[in-house]
Amino acid sequence: MTDSRNGLTYAGAGVDIDAGNALVEAIKPLARATRRPGAEAGLGGFGALFDLKAAGYEDPLLVSTTDGVGTKLKIAIETGLHGTVGIDLVAMCVNDLLAQGAEPLLFLDYYATGKLDVTTATSVVSGIAEGCKLAGCALVGGETAEMPGMYSQGDYDLAGFTVGAVNRDGVLPKLDLQRPGDVLIGLGSSGPHSNGYSLVRKVVERSGLAWDAPCPFSDGTLAEALMAPTRIYVKSLLPLIKAGLIKGGAHITGGGLIENPPRAIAKGLAPRFDWNAWPLPPVFDWLQREGGLDEHELRRTFNCGIGFLVIVGRDQAPEVLMALLDAGEDAFVCGELERA
């Protein structure tokens with residue numbers, strides 16, 4: 001017989017099931033707060049159901065996206081500022097849905113770590129729930145993976161998955177409707193969002209500043225400024241998309257203003273930016289000067305102050321611009337389409 005007192009246990013191998021259960025209980029009210037028509041946001045089952053008819057769709061296409069937060073997480077881990085990376089996670093996924101004209105409906109997350117810290121994980125998921133509320137989608141589930149030996153002490157990683165819907169005639173971009181002279185409208189960003197942070201961290205290293213040093217370009221500490229969460233544009237843009245006023249949209253992520261806009265523009269056309277139409281936000285000015293970045297490197301790595309770009313007809317541009325400003329966006333005309 002085997003002496004059970006000397007037997008191995010899952011907890012002894014580094015995985016704490018009780019901590020996982022405690023996390024699920026801690027985040028249940030956070031998920032319930034994200035309920036929306038079509039989803040009850042219950043946790044604990046093997047899958048989540050969504051009722052498209054209850055959400056008001058008659059001829060829908062489903063659109064799905066997935067993304068992460070990247071090495072911005074390293075700053076969160078090194079500084080203990082975990083409360084907003086969940087917003088980043090949601091934003092990176094739902095803003096991509098907007099570029100297809102889709103409304104975010106449901107969201108799931110994947111949280112992986114070597115040793116589960118319930119307090120840290122709850123803070124992260126609290127941010128995810130806040131992001132879901134900002135996006136109007138339901139947090140319907142997720143996965144917490146405790147994997148000893150895979151991550152260093154205190155490290156964790158995040159991935160997000162979202163599903164949205166768009167009626168068949170509302171899919172973006174509307175390439176057949178785009179014309180030379182169509183107007184480009186930029187929606188202001190809150191900073192680098194969740195892109196280019198491997199370069200950001202190199203610039204900070206070169207600067208010699210500590211994360212808790214006073215920020216040289218804004219109030220608060222350097223870490224607090226660089227951890228500003230990614231803006232979520234759903235509530236300001238979705239009504240305009242559903243009204244048929246938007247011909248195309250680009251979420252400005254990795255690749256910056258060089259590589260993202262062409263993904264939303266018809267063949268034979270190209271964006272012509274008026275680079276003087278908006279001031280370069282102080283964070284990017286600092287990164288450029290401190291890192292010695294040339295203009296091309298800056299523009300293809302960072303959003304440079306434009307988190308989302310929309311393409312509208314010239315006649316509709318004043319209406320769209322006013323609606324975005326009324327919705328609280330920092331919106332501005334930043335160029336037009338021209339023949340390639």
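**Exercise 1.** In which sense do S2 and S4 pair, and over how many bridges?

*Solution.* Before starting, note that this is a predicted model, in which local features need pLDDT of at least 70 and side-chain atom pairs count only at pLDDT 80 or more, while totals for chains, interfaces and linings use all residues. Residues are numbered from 1 along each chain as its sequence is written, and side-chain values use heavy atoms, with hydrogens and water left out.

Step 1: recall that strands (E, at least two residues) and helices (H or I, at least four) are DSSP runs, numbered from the N terminus, and that two strands pair if DSSP finds at least two bridges between them. Step 2: S2 and S4 pair in the antiparallel sense, over 10 bridges, and within this pairing glutamate 103 stands opposite alanine 165 in S4. Step 3: place the pair in its sheet, which is open, has 4 strands in the order S1-S4-S2-S3, and shows mixed pairing. Strand S1 (60–68) and S3 are the edge strands, each pairing on one side only.

**Exercise 2.** Determine whether threonine 162 is buried or exposed, and describe its surroundings.

*Solution.* Step 1: threonine 162 lies in strand S4, which covers residues 156–167. Step 2: the cut-offs are under 20% relative accessible area for buried, over 50% for exposed and partly exposed in between, with a 1.4 Å probe and protein chains only; because its relative accessible area is 1%, threonine 162 is buried. Step 3: counting contact as heavy atoms within 4.5 Å, and leaving out residues up to four places away in sequence, threonine 162 touches several residues, among them Val63, Cys93, Leu106 and Phe107. Step 4: a polar atom of the threonine 162 side chain lies 2.9 Å from the backbone oxygen of leucine 106.

**Exercise 3.** Work out how the span of helix H4 relates to the expected value, and which elements its buried residues pack against.

*Solution.* Step 1: the expected span is 1.5 Å times one less than the number of residues. Step 2: H4 (residues 118–135) has 18 residues and reaches 25 Å from its first C-alpha to its last, which is close to the expected 26 Å. Step 3: the buried residues of H4 include Val124, Ile128 and Cys132, and the buried residues of this helix pack against helix H1 (17–32), helix H3 (85–99), strand S2 (103–113), strand S3 (138–146), S4 and helix H7 (234–242). Step 4: look at the two ends, where a side-chain oxygen of aspartate 117 reaches to within 3.0 Å of the backbone nitrogen of threonine 119 at the start of H4, and glycine 136, just after H4, takes a positive phi of about 75 degrees.

**Exercise 4.** Explain why one side of S6 and of S7 is left without a neighbour in the sheet, and locate cysteine 334.

*Solution.* Step 1: 5 strands form an open sheet with antiparallel pairing, in the order S6-S8-S5-S9-S7. Step 2: strand S6 (248–251) and strand S7 (269–273) stand at the edges with a single partner strand each, so one side of each has no neighbour in the sheet. Step 3: S7 pairs with strand S9 (residues 331–339) in the antiparallel sense over 5 bridges, and phenylalanine 273 stands opposite glycine 335 in S9. Step 4: cysteine 334 also has its place in strand S9, and it counts as buried because its relative accessibility is 0%. Its contacts, apart from neighbours within four places in sequence, include Leu184, Phe273 and Trp278.

Terms used: Polar contact = N/O pair within 3.5 Å; in protein donor to acceptor, adjacent residues only side chain to side chain.
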